[in-house]
Amino acid sequence: MGAGGNLLVAQSGGATAVINASLAGVVRAALEHRQFGAIIGARHGIDGVLTERFVDLGRQPAEILDQLLTTPSAALGTTRRRLTDETAARAVRILAQYDIRAVAYIGGNDSADTALRLAAAARDAGYDLRVVSVPKTIDNDLPGTDHCPGYGSIARFLALAARDAVRDTEATAALYPVKFIEVMGRNAGWVAAATALGQDGDGDGPHLIFFPERPPRDLHGLLEEVQRAYDRHGQVVAVVPETLKDAQGRPLSGEDLSWTDPFGHRYYPSPGPALTRAVEEHLGLRARFDKPGTIARMFAACVSSVDRREAYEVGAAAVRLLVEGASEVMVTLERVSDDPYAATTGVIAATEVANRERRMPDAFIGPDGRSVTDAFRTYALPLIDGPLPPYARLLDLPYLRA
């Protein structure tokens, strides 16, 4: 049955290189289904609803929708506002004024919370509203889905960037033998693990990957691991998450809290500079750090074609669910095959996703706690259009004068 009324689309949380592909998928599918009076975009997520900042997506030129597929960041803008009972009720009243009966909310764990709060407020008000979450997060930590749109592209970027950083450290080991690469990923190790996907063989860096799931004992324990890796390889490239803590839950960058977002996520200073100083002070080794930061999740030149295609597909699937009358669910990606890689869309209750995190399983983390397994490579390489072509290494052939 048709959903009727108008459709609202919004983007929320951290933007990615392919979030606009999901937006294009929603708009195009809605135009094809012809079940909605208008297709409305909210500027900056739920903030755009509360301030009535809307844009007509249904009348966008076809070439703009085409360009959205290859445009990074969030074309509508995002937000991290958390709805209260009061603001959720106000949002529903505004939706009713515009005869909006269906919402496709593109985002991650926190955005699923927003979608649920919106649906609950509509139910309390007796207003017929369907809300479907469209998955998006570079953290790859949404429960119930094989992987998340946005992850494949940041994983490809970091696989390429880490591989090049390793070669740089090899060439300059006499000058800067230790390099930290600080990555995003919040409380799960998926993003950090991606830096291993460019390794060409045993002994190739990164030599240490510090997963949130396998924290170091403390700062001294981390330094001991760096020293051992240096003794073995003559240089060290170590990957650290921006949220790295020790086994007691203490931030490795120090206890000074920078800020807490509306969803209760606590942010601390960057561990990269702190660990670099600690290596120089305690180990006497010169060290540097790289921090790709938000450029890693937004770098259009490294977009995975699989990631872009699937981001579009989950947007289109959300519209199909809304047209069928579904609500308070999230679209998922379900893997059908590893080789050849294939996946299809599915669905999960949004209550199973909101404010929850899926961490790296034990089967993906090496027994040393600082590497990935072949099972992870099988899982992740298709998502980055991999495997990557190998780099050359000169053979150690002595020159013999004639």
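Here are some notes on this predicted model, point by point.

1. Let's start with the seven-stranded sheet. It is open, has mixed pairing, and its strands come in the order 3-2-1-4-5-12-13. Strand 3 (54-56) and strand 13 (341-349) are the edge strands, each pairing on one side only. Going from one strand to the next, the twist averages 30°. Helix 1 (residues 19-33) packs on this sheet and touches strand 1, strand 2 (39-42), strand 4 and strand 5. The direction of helix 1 makes about 175° with that of strand 1.

2. Strand 4 (residues 100-107) deserves a closer look. Seven of its eight residues are buried, so "mostly covered" is a fair description under the cut-off of 20% relative accessible area. On one side, strand 4 pairs with strand 1 (residues 6-11) in the parallel sense, over six bridges. If you want to check the register, Asn-6 stands opposite Ile-100, and Leu-7 stands opposite Ala-102. Strand 4 is also joined to strand 5 (residues 130-135) by six bridges, and these two run parallel. There, Val-103 has Val-131 as its bridge partner. To get from strand 4 to strand 5 the chain passes through helix 5 (residues 109-125), a β-α-β crossover that is right-handed.

3. Gly-107 belongs to strand 4. Is Gly-107 buried or exposed? Its relative accessibility is 3%, so Gly-107 counts as buried. Leaving aside residues up to four places away in sequence, Gly-107 touches Ser-12, Val-134, Pro-135, Lys-136 and Leu-142. For a distance check, the C-alpha atoms of Gly-107 and Leu-158 are separated by 22 Å, with these positions 51 residues apart along the chain.

4. Now the second sheet. This one is open too, with four strands in the order 7-8-6-11 and parallel pairing. Strand 7 (208-209) and strand 11 (287-290) each have a single partner strand, so one side of each has no neighbour in the sheet. Strand 6 and strand 11 pair in the parallel sense over four bridges, and Val-178 stands opposite Ala-287 of strand 11. Helix 6 lies across strand 6, strand 8 and strand 11, and runs at about 165° to strand 6.

5. On to the nonpolar cores. The largest has 40 residues, and those with the most contacts inside it are Tyr-151, Trp-190, Leu-197, Met-360 and Phe-376. Two or more residues each come from helix 6 (151-171), strand 6 (178-183), helix 7 (190-194), strand 8 (236-241) and helix 12 (374-380). Helix 6 gives the largest share, nine residues. Apart from this core lies another, of 36 residues, among them Val-26, Ala-102, Met-298 and Leu-333. In soluble globular proteins, nonpolar side chains do tend to be buried together.

6. What does Trp-190 touch? Beyond residues up to four places away in sequence, its contacts include Tyr-151, Met-360, Pro-361, Phe-364, Phe-376 and Tyr-379. Charged and polar neighbours turn up as well, including Asp-139, Asn-140, Asp-141, Arg-358 and Arg-359.

7. For helix packing, try helix 8 (residues 219-233) against helix 9 (residues 271-283). Their axes come within 11 Å and cross at roughly 70°, so the two helices are roughly perpendicular to each other. Helix 8 makes the contact with Leu-219, Leu-222, Leu-223, Val-226 and Gln-227. From helix 9 come Leu-275, Ala-278, Val-279, His-282 and Leu-283.

8. Some backbone geometry to look over before you set anything up. Most residues other than glycine have a negative phi, and most peptide bonds are trans. Here, the peptide bond from Gly-205 to Pro-206 is cis, with omega near 0°; Pro-206 sits in the loop between helix 7 and strand 7. Gly-386 and Pro-387 are also joined by a cis peptide bond, with omega about 0°, and Pro-387 lies in the segment after helix 12.

9. Then the positive phi values. Glu-52 has phi near 55° and lies in the loop between helix 2 (46-50) and strand 3. Its relative accessible area is 37%, so Glu-52 is partly exposed. Ser-73 has a phi of about 70° and is in the loop between helix 3 (62-68) and helix 4 (85-97). Ser-73 counts as partly exposed because its relative accessibility is 30%.

Conventions. Residues are numbered from 1 along each chain as its sequence is written. This is a predicted model: local features need pLDDT of at least 70, side-chain atom pairs count only at pLDDT 80 or more; totals for chains, interfaces and linings use all residues. Side-chain values use heavy atoms; hydrogens and water are left out. Buried means under 20% relative accessible area, exposed over 50%, partly exposed in between (1.4 Å probe, protein chains only). Two strands pair if DSSP finds at least two bridges between them. A crossover is right-handed if, with the strands pointing away from the viewer, the path from the first strand over the helix to the second runs clockwise. A nonpolar core is a set of buried Ala, Val, Leu, Ile, Met, Phe, Trp, Tyr and Cys residues joined through side-chain atoms within 4.5 Å. Contact means heavy atoms within 4.5 Å. Axes are lines fitted to C-alpha atoms, for helices over the stretch in contact, and angles run from 0 to 180 degrees between N-to-C directions. Angles under 35 degrees count as roughly parallel, over 145 as roughly antiparallel, 65 to 115 as roughly perpendicular and the rest as oblique.
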